[in-house]
Amino acid sequence: MNVLEIEKLTKKFGDFIAVDHISLSVKEGEIFGFLGPNGAGKSTTIHMIVSLLTVTDGKIKLLGKDIAKHRKFAKANIGVVPQELAIYENMSAYDNVAFFAGLYGLRGDKLKKSVAKALDFVGLTDKQHVYPEKFSGGMKRRLNIACAIAHQPQLIIMDEPTAGIDPQTRNYILQSVKKLNEAGCTIIYTSHYMDEVEEICSHIAIIDHGKIIVEGTKEQLKSIIAEQTQIEIEVRSAEHFRAEKLQGIVGVNTAHMTDDKVIISTAAEVNNMNDIIRMLISENVKIVSIKTMRPSLETVFLTLTGRSLRE
Ligand SMILES: Nc1ncnc2c1ncn2[C@@H]1O[C@H](COP(=O)(O)OP(=O)(O)OP(=O)(O)O)[C@@H](O)[C@H]1O
């Protein structure tokens, strides 16, 4: 069963198309990785799913129901862990979680039980009466998660929950994502960290310039470039050089510059390193180092978007 179905979803800001007819489905029980470079359209998509932004065109269905027509149902069944912390410093941890659970419609005993369960889940039961202003960054992140899950939504959307946090909290959050998933939650997870996505996500979609450029399981994505080798050449004095010229060499599929590196994707069976180096030298580009990389999600991303995830 699909928990979420997006059909030809589009968002325009004036003449600018931030999300361009994207379609995707998230199946029950999945941890769905939603990736894209800065400005690709991830947050705009998420904001439309949670009704923070109006939809220009297209449809979003949650558990088969059109969210435009079933707003209350959508609100009750989606939990969002936003990129920026959304907690009140001047309310206790308990009151923070209770406030959000109340917004999602919980009342009375059910609210109390759910708040206690959410605080227990993130390991903050013994700190429930403390104000978050006294919390470490990691504890605030955990409280942010508790606020999103207390109403026991079927779908949890996590928008870069590990950005800028220490490794211990990061591990804690990743373990929590796995635990929530094992408990039956479907999760959409956006991150700039490829290793995280490789570790926890079963299905991945990559968005760039508002369009889904590839979607599939990790294995499917990697197989796209399995027969290719990635070559990363660190260079100097290359401001004048148009890396696309390398695509004229036999075997080279894509070539582009990122900062001071030329990133080349080339057919693994073609030995064209000499030709590549010869071209760089003839263009007066200074070569500093050469590295070949095996296929990973990062190289899939580089190959398909021509950019690194964290540019
Ligand atoms: N309210 C707005 N008005 C005009 N343009 C906007 C608005 N919100 C977003 N955009 C533009 O839409 C594009 C997509 O932005 P979005 O925030 O969805 O990207 P993102 O993939 O979430 O990036 P990041 O990883 O940096 O958060 C960007 O070019 C952004 O500048």
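In the predicted model, the contact between helices α3 and α4 is formed by A93, Y94, V97, A98, A101 and G102 of α3, which meet L111, S114, V115, A118 and L119 of α4. By class, this contact of α3 with α4 comprises nine nonpolar and two polar residues, with no charged residues. Helix α3 spans residues 93-103 and helix α4 spans residues 108-121. The packing of two helices is described by the angle between their axes together with the distance between the axes. For α3 and α4, the axes come within 9 Å and cross at roughly 125°. Angles over 115 degrees but not over 145 count as oblique, and α3 and α4 are therefore oblique to each other. The crossing of the two helices α3 and α4 is right-handed.

A second element of the predicted model is an open sheet of four strands, arranged in the order β12-β13-β11-β14 with antiparallel pairing. Strands β12 (252-258) and β14 (286-293) form the edges, each pairing on one side only. From one strand to the next, the twist averages 20°.

Within this sheet, strand β11, covering residues 228-236, and strand β13, covering residues 261-267, pair in the antiparallel sense over seven bridges. With respect to individual residues, Q230 has S265 in β13 as its bridge partner. Helix α10 (residues 297-305) packs on the sheet and touches β11, β12, β13 and β14. The direction of α10 makes about 75° with that of β11.

Notes: Residues numbered from 1 in each chain as written. Predicted model: local features only at pLDDT ≥ 70, side-chain atom pairs only at ≥ 80, totals over all residues. Pairing = 2+ DSSP bridges. Axes fitted to C-alpha atoms, helices over the stretch in contact; angles between N-to-C directions. Contact = placed C-beta atoms within 7 Å. Parallel < 35°, antiparallel > 145°, perpendicular 65-115°, else oblique. Left-handed = near helix turned anticlockwise from the far one by under 90°. Nonpolar A, V, L, I, M, F, W, Y, C, P; charged D, E, K, R; others polar.
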